Amino acid sequence: MPISLQFHTTSAVEGWDQTAVLTLSGDITLPSVTDGVLVVRLHTLALDFGGASTITWGPQSLTQERRDFSSAGGGRDPCTEIWVLPGYTSGLATLTITLNGEPTVTHVAFCSIDVWDNVDQTTPSEARNGLTQTSGTTISQSLTTITSNAVIVGGVSNKVASTPNTPDTGQTEDYDADYAGATDTLSVMGGYEIIASPGTESMGWSTLGNDDSTISICALKLASAVAVKSFVSGKKPSRMLL
């Protein structure tokens, strides 16, 4: 079975503030799926720091797959992160995101919460990459998938109001919004793409505001399947892991 999106929300845990954001937290009910992985894409606009120090799902801790923080532009800077948790416990629990930095540091924070099924539980992400830039109205990054039918997921943080942004051809965009802080606005966008054959693939957006932006992407790996080999008559069939 291919990897497929079973749950997506951007409304249960998100926040934007005129002065400071320290944590994002909310109660969510996640579905029970086969070989499921919880994926959180986090977007922040902050001074000196960016992103999260920890993300937990109830007592379980997520692992950071990728962090891209643009600190060269001065002032408040955007950060994009991707965190994953294979083997998450389904049902109702609290997702808690503890952000980096001291009070008044993080001015805008937003996250997307997804559940994908049929993902490898030992190595859920087989490749990852990212990019930061201080100007430009387009941003993209590539990575090389290793196995067939991987799924690239990613997000972009742009330090200026720019919605609606335009995803590259072939991508499915699952959010695109602007969130205003006291001084700056954070534009966030995310999407995914199913990659049938291994190779180098890119993800990106255009029509951004001409300011700091970051992109983080990773490739989810399809769970191993068990198949029966062909066999010669009179011999027992053997099984192998694909």
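**Notes on the salt bridges and aromatic pairs of an all-strand model**

1. A good place to start is the pairing of arginine 41 with aspartate 174, a salt bridge whose closest N and O atoms are 2.7 Å apart. Arginine 41 belongs to strand β4 (residues 37-46) and aspartate 174 to strand β15 (residues 172-180), so this pair ties together parts that are 133 residues apart in sequence. Both arginine 41 and aspartate 174 are buried. Please keep in mind that this is a predicted model.

2. How far can you trust the coordinates? The mean pLDDT of the chain is 88, and 88% of the residues reach 70 or more. The stretch to treat with care is residues 225-242, where the pLDDT is below 50; in the model this stretch has 17 contacts beyond near neighbours in sequence. Where pLDDT is low, predicted coordinates should not be read in detail.

3. On the overall make-up, the chain has 20 strands and zero helices. Of its 242 residues, 49% count as buried. Among contacts with a separation of 6 or more, 79% come from residues 24 or more positions apart. The accessible surface of the chain is about 10300 Å², and carbon and sulfur atoms account for 50% of that.

4. Back to the charged pairs: how many salt bridges does the structure hold? There are six. Side chains of opposite charge can pair when their charged atoms come close. One of the six joins aspartate 68 to arginine 66, with the closest N and O atoms 2.9 Å apart. Aspartate 68 counts as buried because its relative accessibility is 5%, whereas arginine 66, at 23%, counts as partly exposed.

5. Another salt bridge brings together the side chains of arginine 76 and aspartate 184, at 3.6 Å from N to O. Here the partners sit in loops: arginine 76 in the one between β7 (63-69) and β8 (77-86), aspartate 184 in the one between β15 and β16 (185-195), so the pair ties together parts that are 108 residues apart in sequence. Arginine 76 is buried, with a relative accessible area of 17%. As for shared partners, salt bridges join Arg41, Asp114 and Asp174 into one network, which takes us back to the pair that opened this note.

6. Now to the rings. A search of the whole structure finds three aromatic pairs. In one of them, phenylalanine 110 and tyrosine 175 have ring centres 5.4 Å apart and planes at 50 degrees, so the pair is tilted. The pair links distant parts of the chain, with phenylalanine 110 in strand β10 (residues 106-117) and tyrosine 175 in strand β15, 65 residues apart. Phenylalanine 110 counts as buried at 2% relative accessibility, and tyrosine 175 does too at 7%.

7. What geometry do the rings of tryptophan 116 and tyrosine 192 adopt? Their centres lie 5.0 Å apart and their planes stand at 85 degrees, so this pair is edge-to-face. Tryptophan 116 is in strand β10 and tyrosine 192 in strand β16, so the pair ties together parts that are 76 residues apart in sequence. Both tryptophan 116 and tyrosine 192 are buried.

8. One last item for your viewer: Phe110, Tyr175 and Tyr179 form one aromatic cluster. Strand β15 is worth a look while you are there, since aspartate 174 lies in this strand and so does tyrosine 175.

How values were computed: Residues are numbered from 1 along each chain as its sequence is written. This is a predicted model: local features need pLDDT of at least 70, side-chain atom pairs count only at pLDDT 80 or more; totals for chains, interfaces and linings use all residues. Side-chain values use heavy atoms; hydrogens and water are left out. pLDDT is the predictor's confidence in each residue, from 0 to 100. Contact means heavy atoms within 4.5 Å. Helices (H or I, at least four residues) and strands (E, at least two) are DSSP runs, numbered from the N terminus. Buried means under 20% relative accessible area, exposed over 50%, partly exposed in between (1.4 Å probe, protein chains only). Accessible areas come from the Shrake-Rupley method with a 1.4 Å probe; for residues, only the protein chains shown count as cover. A salt bridge is a side-chain nitrogen of Lys or Arg within 4 Å of a carboxyl oxygen of Asp or Glu. Rings of Phe, Tyr and Trp (its six-membered ring) pair if their centres lie within 6.5 Å; planes under 30 degrees apart count as stacked, over 60 as edge-to-face and the rest as tilted.
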